[in-house]
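User: Please take a close look at one loop in this model. Then work outwards to the ligand surroundings, the sheet and the helix packing.

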Amino acid sequence: MEFPENKAGIQPVRFGPESGFKFKCHKEVRCFTKCCRGINIILTPYDIVQLKNRLGISSGEFLAIYTVPQLLEKTDLPVVTLKLLDDEQQSCPFVRDDGCLVYENRPTTCRYYPLGVASLSHKEDADGEGFYFFVDEPHCLGFEEDKEWTVKEWRKDQGVDIQDEINAGWTDLIVRKRSFPANVQLTEKTKKMFFTTCYDIDQFKEFVFESSFLKLYQVDDKTIQAIRNDEVALLDFGFRWMKWVLYKIGDFTINSEVAQKRQERKK
Ligand code: SF4
Ligand code: SF4
């Protein structure tokens with residue numbers, strides 16, 4: 001999720017799932033944890049869910065303490081990046097001498113490294129085939145090791161195939177918006193709605209269950225049960241709802257009687 005144009009040392013070579021490379025990272029390499037400093041990591045919705053659960057805090061607290069909001073270039077959509085420490089090396093807040101404090105729940109970008117995924121930054125990924133590039137940074141000595149991988153093997157080994165599947169609806173929202181003309185702007189209200197739905201899952205859950213949302217939209221009992229108990233189901237529901245809100249694509253049905261009453265109240 002890095003922006004290739006902002007990063008020195010990136011070889012702009014398009015990689016596909018079967019492309020091969022040599023790489024191995026382990027605690028004995030001299031550069032151990034160097035890649036966890038001075039970085040730009042866009043957090044995916046599922047990254048946030050995993051990290052806030054790992055830390056035992058709400059999504060709102062996680063966003064306030066550990067992230068910086070931004071607008072994603074050429075999309076006008078909000079994203080959040082990991083807030084780095086204010087030390088000399090701009091360290092990740094989770095890096096320790098013996099490695100990553102949240103390794104099992106580390107963000108998607110950390111799992112992909114030394115690969116970068118281009119779906120958020122390149123229109124060329126619209127074919128959905130997967131488009132990756134090599135983050136060949138001079139400080140990384142993992143390239144001197146002999147272990148061979150294909151991109152597909154690396155993604156499976158690092159668990160990013162599962163992450164990507166869960167985040168697919170969010171990636172789709174961004175890729176669609178990127179293909180719109182630049183002058184198609186979103187209202188502040190819509191951007192805020194996108195932010196809450198995609199990144200602040202606890203707030204979104206409260207919105208769904210404690211506002212008139214479930215009166216306004218016709219949602220079946222099975223879906224209600226799933227989104228009440230399962231955060232991955234809630235994320236997916238949110239992505240589908242945003243797709244309907246932003247692009248009018250999908251199967252959300254409005255209860256017209258409730259909608260009409262709301263309109264009348266607004267008059
Ligand atoms: S810089 Fe490369 S080899 Fe060194 S710790 Fe990071 S990923 Fe591993
Ligand atoms: S989350 Fe972990 S792997 Fe990722 S940059 Fe921070 S310390 Fe490194």
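Analyst:
**The loop and its surroundings**

Pro114 sits in the loop between α3 (108-112) and β8 (115-117). The model is predicted, so read what follows as properties of that prediction.

What is the peptide bond from Tyr113 to Pro114, cis or trans? The bond is cis, with omega near 15 degrees. As background, most peptide bonds are trans.

Tyr113 leads on to ligand 1. Which residues surround that ligand? Tyr113 is one of them. One run in the shell is Cys31, Phe32, Thr33, Lys34 and Cys35. Another is His139, Cys140, Leu141 and Gly142. Cys25 and Val29 complete the list. By class, the shell of ligand 1 holds 8 nonpolar, 3 polar and 1 charged residues. Lys34 is the charged one.

Ligand 2 has its own shell. Cys36 and Ile39 belong to it. So do Cys92, Phe94 and Val95. Cys100, Val102, Arg106, Pro107 and Cys110 make up the rest. The classes here are 9 nonpolar, no polar and 1 charged. Arg106 is the charged residue of this shell.

**The sheet**

How are the strands ordered? Three strands form an open sheet in the order β3-β5-β4, and the pairing is antiparallel. β3 and β4 are the edge strands, each pairing on one side only. As a general point, strands of a sheet pair through backbone hydrogen bonds.

Take the β3 side first. Strand β3 (residues 42-43) is joined to strand β5 (residues 77-82) by 2 bridges. Ile42 stands opposite Thr81 in β5. Leu43 faces Val80 in the same way, standing opposite it in β5.

Now the β4 side. Here 6 bridges join strand β4 (residues 67-72) to β5, and the two strands run antiparallel. Pro69 has Val80 as its bridge partner in β5. Val80 thus appears in both pairings, opposite Leu43 and as partner of Pro69. Leu71 stands opposite Pro78 in β5.

β4 and β5 also form a hairpin, with 4 residues between the strands. Lys74 lies in that loop between β4 and β5. What is notable about phi there? Phi of Lys74 is near 65 degrees, a positive value in a residue other than glycine. In general, most residues other than glycine have a negative phi.

**The helices**

Two packed helices are described by the angle between their axes and the distance between the axes. Helix α10 (residues 231-247) packs with α6 (residues 188-199) at an angle of about 160 degrees. Their axes lie 9 Å apart. Angles over 145 degrees count as roughly antiparallel, so α6 and α10 are roughly antiparallel to each other. The crossing of α6 past α10 is left-handed.

Which residues meet in this contact? From α6 come Met193, Phe194, Thr197 and Cys198. From α10 come Gly238, Trp241, Met242 and Val245. The contact divides into 6 nonpolar, 2 polar and no charged residues. Thr197 and Gly238 are the polar pair by class.

α10 also meets helix α9 (residues 221-229). Their axes come within 5 Å and cross at roughly 120 degrees. That value makes α9 oblique to α10. This crossing is left-handed as well: α9 passes α10 that way.

The α9 side of the contact is Thr223, Ala226 and Ile227. Across from them in α10 are Ala233, Leu234 and Phe237. By class, this contact has 5 nonpolar, 1 polar and no charged residues. Thr223 is the polar member.

Notes: Residues numbered from 1 in each chain as written. Chains lettered and ligands numbered in written order. Predicted model: local features only at pLDDT ≥ 70, side-chain atom pairs only at ≥ 80, totals over all residues. Near = placed C-beta within 6 Å. Axes fitted to C-alpha atoms, helices over the stretch in contact; angles between N-to-C directions. Parallel < 35°, antiparallel > 145°, perpendicular 65-115°, else oblique. Left-handed = near helix turned anticlockwise from the far one by under 90°. Contact = placed C-beta atoms within 7 Å. Pairing = 2+ DSSP bridges.
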